[in-house]
Amino acid sequence: MRVLPGIGVSTLVGLAALFLSQHYDAPAMLFALLLGIALSFLYEDTHCKAGIEFTACHFLRIGVALLGLRIAFGDLAALGWTTALLLVVAIISTIGVGIVLAKTLGLQKRFGVLTGGAVGICGASAAMAIAAVMPESNHKDRDTSLTIIGVTSLSTVAMVLYPIIASALNLDETNTSIFLGGTIHDVAQVVGAGYSVSEQTGDLATLTKLVRVAFLMPVVLCTLLILRLNVDQVADSKPLIMPKFLIIFVILMTINSVIEIPAAITNAGAEISRYALVISITAIGMKSNLKSLLEVGIRPIILMVSESLWIAGLILLAVCYL
């Protein structure tokens with residue numbers, strides 16, 4: 001009973017965000033976060049606070065764990081090892097660029113890991129998964145909100161611009177698919193960009209994107225290990241423990257790789273995951289303070305734009321000259 005009011009209000013606002021997303025054909029994650037921030041005063045209400053914290057934490061883990069139903073090891077083989085290796089290099093180097101630039105801009109290196117992982121893997125979902133294993137800090141929710149706003153906005157811009165760039169460079173269908181699937185942050189925007197070119201491009205771009213999503217758990221595990229080794233030299237005595245939602249993610253992905261799960265189950269899991277992530281991001285928005293977001297200034301924007309340009313340039317050079 002203590003957490004029900006907060007869960008209820010988070011769910012209601014999350015459903016409103018989904019409605020607005022379908023009505024205006026815009027990212028649900030962005031609507032959820034903005035609505036949550038607008039209603040952040042509810043977090044100060046003692047009746048809602050415990051439930052909002054519960055939703056931000058546990059609904060997030062449910063949503064990330066169920067992402068395992070969308071991925072199979074066969075996706076990697078279907079795409080080809082050369083392309084898979086290119087994606088590995090792109091993801092690792094983007095996170096590395098994020099860490100270096102964050103330090104250069106006077107931001108915490110863990111913020112560079114968060115933004116680099118979000119840009120390199122799968123946008124808002126990756127940001128939330130990485131944030132879930134980060135040590136608690138005064139700025140954790142603020143940094144997560146900033147990252148989600150940034151990558152979602154940049155992903156929407158990329159959805160429009162990248163097909164134009166691919167056309168201007170006369171990329172063939174395969175290279176266009178790899179470029180779109182390997183660089184655009186969120187899955188929904190990859191689908192939109194790919195199918196705006198052709199059905200075949202949409203299929204291959206989506207597959208490329210899913211392979212990037214498959215690297216989410218290795219990156220999250222490495223992030224967990226590195227942060228526990230004190231990347232920012234902040235005291236943190238917590239032991240290294242494998243989070244349960246990561247274990248469930250790996251189990252579901254393995255099952256999906258070994259046996260053919262009925263489409264009804266995978267579709268239901270995908271929908272539950274989508275609802276859980278939207279509701280959890282609404283709660284994260286409610287925990288955020290708009291004033292604290294504005295205080296950070298332009299540095300996070302410069303960081304995320306630079307990371308986006310890096311991964312786009314790297315993939316584009318690879319498909320054009322390799």
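Q: Helices are DSSP runs of H or I with at least four residues, numbered from the N terminus. With that in hand, in which helix of this model does Val157 lie?

A: Happy to start there, with one reminder: this is a predicted model. Val157 lies in helix 8, which covers residues 140–168.

Q: Is Val157 buried, partly exposed or exposed?

A: Buried means under 20% relative accessible area and exposed means over 50%, with partly exposed in between. Val157 has a relative accessible area of 46%, so the residue counts as partly exposed.

Q: Which residues make a nonpolar surface patch with Val157?

A: Val157 is joined by Val160, Leu161, Ile164, Ile165 and Leu169 in a nonpolar surface patch of about 500 Å².

Q: Which residue in the loop between helix 8 and helix 9 has a positive phi?

A: Look at Asn170, which sits in that loop, ahead of helix 9 (173–183). The phi of Asn170 is near 55°, positive even though the residue is not a glycine. Its relative accessibility is 69%, so Asn170 counts as exposed.

Q: Now to the interior. How should I read the largest nonpolar core?

A: In soluble globular proteins, nonpolar side chains tend to be buried together. In this model the largest nonpolar core has 87 residues, and those with the most contacts inside it are Ile52, Met128, Phe179, Leu216, Val220 and Ile315. Helix 7 (residues 124–133) gives the most to this core, namely nine residues.

Q: What does Ile315 touch, leaving out residues up to four places away in sequence?

A: Its contacts are Leu86, Leu87, Ala90, Ile178, Phe179, Gly182 and Thr183. One of these, Phe179, is also listed with Ile315 among the residues with the most contacts inside the core.

Q: Where is Thr55, and is it buried or exposed?

A: Thr55 is found in helix 3 (residues 46–65), and with a relative accessible area of 0% the residue is buried. Beyond residues up to four places away in sequence, Thr55 touches Gly6, Ile7, Ser10, Leu60, Ile279, Ser280 and Ala283.

Q: How many salt bridges are there, and which one links helix 14 to helix 8?

A: A salt bridge pairs a side-chain nitrogen of Lys or Arg with a carboxyl oxygen of Asp or Glu within 4 Å. The structure holds three. The side chains of Lys287 and Asp141 meet in one of them, at 3.2 Å from N to O. Lys287 lies in helix 14 (residues 263–287) and Asp141 in helix 8, so this pair ties together parts that are 146 residues apart in sequence. Lys287 is partly exposed at 23% relative accessible area, and Asp141 is partly exposed at 22%.

Q: What about the other salt bridges?

A: Arg142 and Asp143 meet through their side chains at 3.1 Å, N to O, and both residues are buried. Glu271 pairs with Arg274, with the closest N and O atoms 3.2 Å apart. Both of these lie in helix 14, three residues apart, about one turn of the helix. Glu271 is partly exposed at 36%, and Arg274 is partly exposed at 32%.

Q: Last topic: why is Cys222 in no disulfide with Cys122?

A: A disulfide is a covalent bond between the sulfur atoms of two cysteines. The structure holds zero disulfides. For Cys222, the closest cysteine sulfur is in Cys122, 15 Å away, which is too far for a bond. Cys122 counts as buried at 4% relative accessibility, whereas Cys222 counts as partly exposed at 47%.

Methods
Residues numbered from 1 in each chain as written. Predicted model: local features only at pLDDT ≥ 70, side-chain atom pairs only at ≥ 80, totals over all residues. Heavy atoms only, no water. Disulfide = S-S within 2.5 Å. Buried < 20%, exposed > 50% of the residue type's maximum accessible area, 1.4 Å probe, protein only. Patch = residues over 30% accessible without salt bridge, like charges linked within 9 Å, V, L, I, M, F, W, Y side chains within 5 Å. Areas by Shrake-Rupley, 256 points an atom, 1.4 Å probe, with all protein chains shown as cover. Helix = DSSP H or I, 4+ residues; strand = E, 2+ residues; numbered from the N terminus. Core = buried A, V, L, I, M, F, W, Y, C linked by side-chain atoms within 4.5 Å. Contact = heavy atoms within 4.5 Å.
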